[in-house]
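Me: Could you take a close look at one part of this model for me? I'd like to hear about a salt bridge beside a pocket, and what surrounds the pair.

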Amino acid sequence: MKYGIIGTGAIGGYYGAKLAHAGQEVHFLLRSDYEYVRQHGLQVESCDGSFHLADVNAYQHTQDMPQCDVVLICLKSVNNSKLQSLLPPLLHDHTLVVLIQNGIGVEEDVQKMFPGAQLAAGLAFICSSKTEPGIVNHQCYGSINLANYSCRDESQMLAVVEEFRQAGIETGLVEYHEARWKKAVWNMPFNGMTVALHTQTDLLLKNKSTRQLIREQMMEVVSAAQHLGVKNLDEAFVEKMIETTDAMTPYSPSMRLDYDFHRTMEIYYLYTRPLEIAREAGCPMPKLEMLEAELRFLETDSDI
């Protein structure tokens with residue numbers, strides 16, 4: 001299949017490069033490092049084996065890109081309004097659009113922009129960053145789950161999963177609501193806490209007090225999800241996420257990097273939207289509401 005990448009950063013750069021390295025036809029939309037990648041290619045420094053793409057299908061404008069069978073949206077969700085102009089040139093009648101983005105509610109809002117589009121969620125479990133032109137630093141993990149939101153042909157989803165696996169990417173096909181809320185169990189505590197306390201994941205868990213707070217925040221997400229009828233989320237999953245993070249390379253999540261580089265943080269879909277959904281369902285998340293308030297303060301204070 002023919003792939004398009006909108007947002008060639010830490011996530012889009014990694015998965016797109018893995019697919020291209022495996023022989024898939026991949027077209028990359030780039031912004032600031034377009035000239036660098038066009039001249040020097042794309043380098044992936046990976047814990048699983050580094051590699052270099054010398055010949056990259058690089059573009060500055062989606063109008064110059066071909067229509068694609070699969071489009072991976074790897075923009076930060078704060079930029080989703082740009083999809084109204086970026087996405088249409090890449091679409092044909094059967095294009096599958098995979099939103100590899102953080103938070104709850106992104107598919108619903110993108111579907112309103114493109115009522116006829118086929119959407120899926122991409123839930124990436126990866127530690128990866130891109131802080132210099134043309135170089136993706138993949139630190140650990142790297143799997144991704146795909147969840148059907150509005151794809152009309154399940155075989156198309158299965159074909160994408162198979163091509164990801166052929167590219168050496170551990171990939172599964174999962175239920176949509178379960179997948180989004182499971183990702184929130186990790187994302188909501190760790191993204192915000194690393195910003196609010198100006199730290200990394202490992203130090204949050206090494207400290208007895210913050211380790212307990214992280215666990216309590218995770219359980220708030222589990223309780224809200226259970227209240228909404230989401231299955232396969234319980235305290236055992238929380239313990240698994242904590243154990244997984246204990247084993248992880250010390251990591252600054254995407255929100256921490258956004259804050260450090262004075263970029264807009266993804267507060268709406270990571271916090272505001274799920275918190276609203278939980279309150280409306282009669283199961284508020286008070287500790288995470290407090291964290292959201294702290295993030296809103298830091299966001300405003302950074303603009304002063």
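Reply: Glu108 and Arg273 meet side chain to side chain in a salt bridge, 3.3 Å from N to O. Keep in mind that this is a predicted model. The pair links distant parts of the chain, with Glu108 in helix 4 and Arg273 in helix 11, 165 residues apart. The two ends sit in different surroundings: Glu108 counts as partly exposed at 36% relative accessibility, while Arg273, at 10%, counts as buried. They also have company, since salt bridges with shared partners join Glu108, Asp109, Lys112 and Arg273 into one network.

Now for the pocket. Glu108 and Arg273 both belong to the lining of the second largest pocket, along with residues including Tyr176, His177, Arg180 and Trp181. That pocket holds about 200 Å³ of space. Helix 6 (176-196) and helix 11 (267-280) are the elements that give two or more residues to its lining, and helix 6 has the largest share, with 4 residues. By type, the lining divides into 7 nonpolar, 2 polar and 3 charged residues.

Arg180, another of the lining residues, has a salt bridge of its own: it pairs with Glu107, the closest N and O atoms being 2.5 Å apart. Glu107 lies in helix 4 (residues 106-113) and Arg180 in helix 6, so this pair ties together parts that are 73 residues apart in sequence. Here both partners, Glu107 and Arg180, are buried.

For the wider context, a search of the whole structure finds 18 salt bridges.

Conventions
Residues are numbered from 1 along each chain as its sequence is written. This is a predicted model: local features need pLDDT of at least 70, side-chain atom pairs count only at pLDDT 80 or more; totals for chains, interfaces and linings use all residues. Side-chain values use heavy atoms; hydrogens and water are left out. On a 1 Å grid over the protein atoms alone, a cavity is a set of points where a 1.4 Å probe fits but cannot get out, and a pocket is an open set with protein on both sides within 12 Å along at least five of seven lines; lining residues have an atom within 4 Å of a point. Grid points are joined across faces, edges and corners, and a volume is the space filled by probe spheres set on the points. Ala, Val, Leu, Ile, Met, Phe, Trp, Tyr, Cys and Pro count as nonpolar, Asp, Glu, Lys and Arg as charged, and the others, Gly among them, as polar. A salt bridge is a side-chain nitrogen of Lys or Arg within 4 Å of a carboxyl oxygen of Asp or Glu. Buried means under 20% relative accessible area, exposed over 50%, partly exposed in between (1.4 Å probe, protein chains only).
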